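Hi,

Here's the structure I promised to pass along. Have a look, and then I'll run through what turned up.

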Amino acid sequence: MLCSQDTVHKETTIDEVVVSSTVGSGKKTVSKGRVASIDEHLSKLSRVEMVRRGNYAWEPVVNNMATERVSTTIDGMKIFYACTDKMDPVTSYVESSNLQRISLNSGLDGNPQATGNIGGSIDLKLRRVGFDAKPSEYNASAGYESNGNVQVYGADAAFSTHRFYTNFGVFYRHADNYKAGGHQSVDFSQFQKTNAFTNIGWQPADDHIIEATLIYDIARDIGYPALAMDVKKAEGIIVSLAYRREHLSRLLHRWETKMYYNHITHNMDDTKRPDVQIHMDMPGKSQTTGLYSLLQGVKGKHYFQLNYDAYYNKLFADMTMYPDGGQPMYMLTWPDVGTFNTGLALTDDITFAPHHHIRLSAKGAWQHQQINSDEGYQALSIYFPGMDKGNSSLIGRLAFSYAYEHSGWRIAVGTGYGTRAPTVTESYGYFLNNTFDQYDYIGNPYLKNEKAIEVNASVEWRSDKLAFKAETNTFFFQDYIIGRPDTRLSPMTIGAAGVKVYQNLKNAQIVNASLTADCQLVSWLQWENHLSYSYGQESTGARLPLIAPLSYLGNLRFRWHHLEAEGGVRMAARNSHCGNEYGETPTAGYAVWHLNLGGHFQWGKLGTDIHLGVENLFDRYYSTYSDWNHIPQKGRNFYVNVSFQL
């Protein structure tokens, strides 16, 4: 069941995956059980939308802000994508079978390890069986979807004693090209992926815990119908080693220190595309080494966390073009840029009266970026004479919120201020083609840090039969970073409309508002409703791109013993107020219906979960505002998923 919660310490359940959040849920549960993808879990969270460039590895967007303004971590570990086109978001390297909790923080009130999180922060908490659990546990799952011949298989096992635990598993996904509404084939939407993981815990003495994690994820033959190229291979290796001390004293109850390393490789490929004018290879690499040390404690009415973290990341990407009858042409697109970041964060949750709660959070960080390639530096210096090879900046955030809770009411207000440094792409990217607006992009090493002020408020009322919530937030930006055309420059990509250089705009504004109403009609029937609207505009008066239109989600949920059924609709208005100056064009409104049925059955020690349903019931042909280049969504899709627990 998915219930709406607001406080940091409360949790809600989505099948086997737990979601904790500083914002309300507002969207329906995932109906596919353990075989649901991370993308599907994320897309059901309030404030979260997904940018689709294909059928695989969707990019999460929080409060209508994408990767540049959202911090995404895995168990607190910083990981950076290795593709200049953002084909491999951090979330693509975890599978549901290894996921315990998704922690979502809205806006500037980020998790302790988050940096640059103006829009929000997402932390994927990995599943660990823990000590003194069941001595052994075995799980297997399988799923099938009719549209695209999607096949999912997974198996994992867990063993636990008082001193040792481990859980490990492997997950495989395969999909062919899917069909949009009306049985129209969407070519280059296939993929196959394998994810293997191991988590180990050892307790040499009570309250002294050592934990290790290894994740290996590899995806091949990934089609991206919204782009000009596909992906031959995307590979991630993620390792960590942590020491945790429990119950240090009456004041300090937990101290955790973790060291980690990850290596991401991403190879783009156009050899399977017809009519390629110039064949090219575009590999990218990302390597990150980091650590954090988190101290948690309670004193009187205060629950506090103090966190120190540091990481060093290297990004490298290049491109080789092979013209017919000519010599290969080589270019660095990310010129081997190293980023070192270190910061200190503090949060304090205060209950100063029975119905009054305050939350304070702050983080300060120092960051240094350095171009390590002389060749890349010389190429960018042509456009920015006299530029330095590196730059340093101080960034940070400060957030405050107050909540009053009494007699079913909860009223909350908050504000915050934060800054973020430009990304590697924004500072040092070199002729990166964007298929959204058909421009080549060049970074700008002279960019200022982006600043933002957030103001938010919510009102919620709950009774036994009814829950209602209205919430809004507004972000006021200064020195907003976005690409703007430079008519003095000529593009390198054949057919490109021109060249854009990243610039600081004087200001920009993003507003989000939503209404949620859940009604328990009778003991076995619940009606859920969620209405949302967003608005984005920058200093010239132009609308910002990829801002969600007016949308509605409605579900009727039926429960009887161990069975649960649901029918619902997802609707959106025409996206006519779009960012025309940034290459965005309107999308039509739509209404898409779904039905599903699921249940849990227990036969002795064997538990079975079965989920079946149909998505896009009436086979509607449609695209959402966040479907890159208006690639259509799936048409009618029947699915069945089964999982076993022993």
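Quick one to start: is Met259 buried, partly exposed or exposed? The model is a predicted one, and in it Met259 comes out partly exposed, because its relative accessible area is 48%, which falls between the 20% and 50% cut-offs. You'll find Met259 in strand 17, which covers residues 252-269.

Met259 also belongs to a nonpolar surface patch of about 610 Å². The other residues making up that patch are Leu241, Leu291, Leu306, Tyr308, Leu344 and Leu346. Two strands each put at least two residues into the nonpolar patch: strand 19 (302-322) and strand 20 (329-353).

Next, Leu553, in strand 30 (residues 551-560). Leu553 counts as buried because its relative accessibility is 19% and the buried class is anything under 20%. If you want a distance to check in your viewer, try Leu553 to Lys469: C-alpha to C-alpha they are 14 Å apart in space, with their positions 84 residues apart in sequence.

Then the cysteines. How many disulfides are there? The count is zero, going by a cut-off of 2.5 Å between cysteine sulfur atoms. As for exposure, Cys578 is buried at 5% relative accessibility, whereas Cys519 is partly exposed, with a relative accessible area of 21%.

That's what I have for now. Shout if anything looks odd on your side.

Cheers

Definitions and conventions:
Residues are numbered from 1 along each chain as its sequence is written. This is a predicted model: local features need pLDDT of at least 70, side-chain atom pairs count only at pLDDT 80 or more; totals for chains, interfaces and linings use all residues. Side-chain values use heavy atoms; hydrogens and water are left out. Buried means under 20% relative accessible area, exposed over 50%, partly exposed in between (1.4 Å probe, protein chains only). Patches are made of residues with over 30% relative accessible area and no salt bridge: like charges are joined within 9 Å, nonpolar side chains (Val, Leu, Ile, Met, Phe, Trp, Tyr) within 5 Å. Accessible areas come from the Shrake-Rupley method with a 1.4 Å probe; for residues, only the protein chains shown count as cover. A salt bridge is a side-chain nitrogen of Lys or Arg within 4 Å of a carboxyl oxygen of Asp or Glu. Helices (H or I, at least four residues) and strands (E, at least two) are DSSP runs, numbered from the N terminus.
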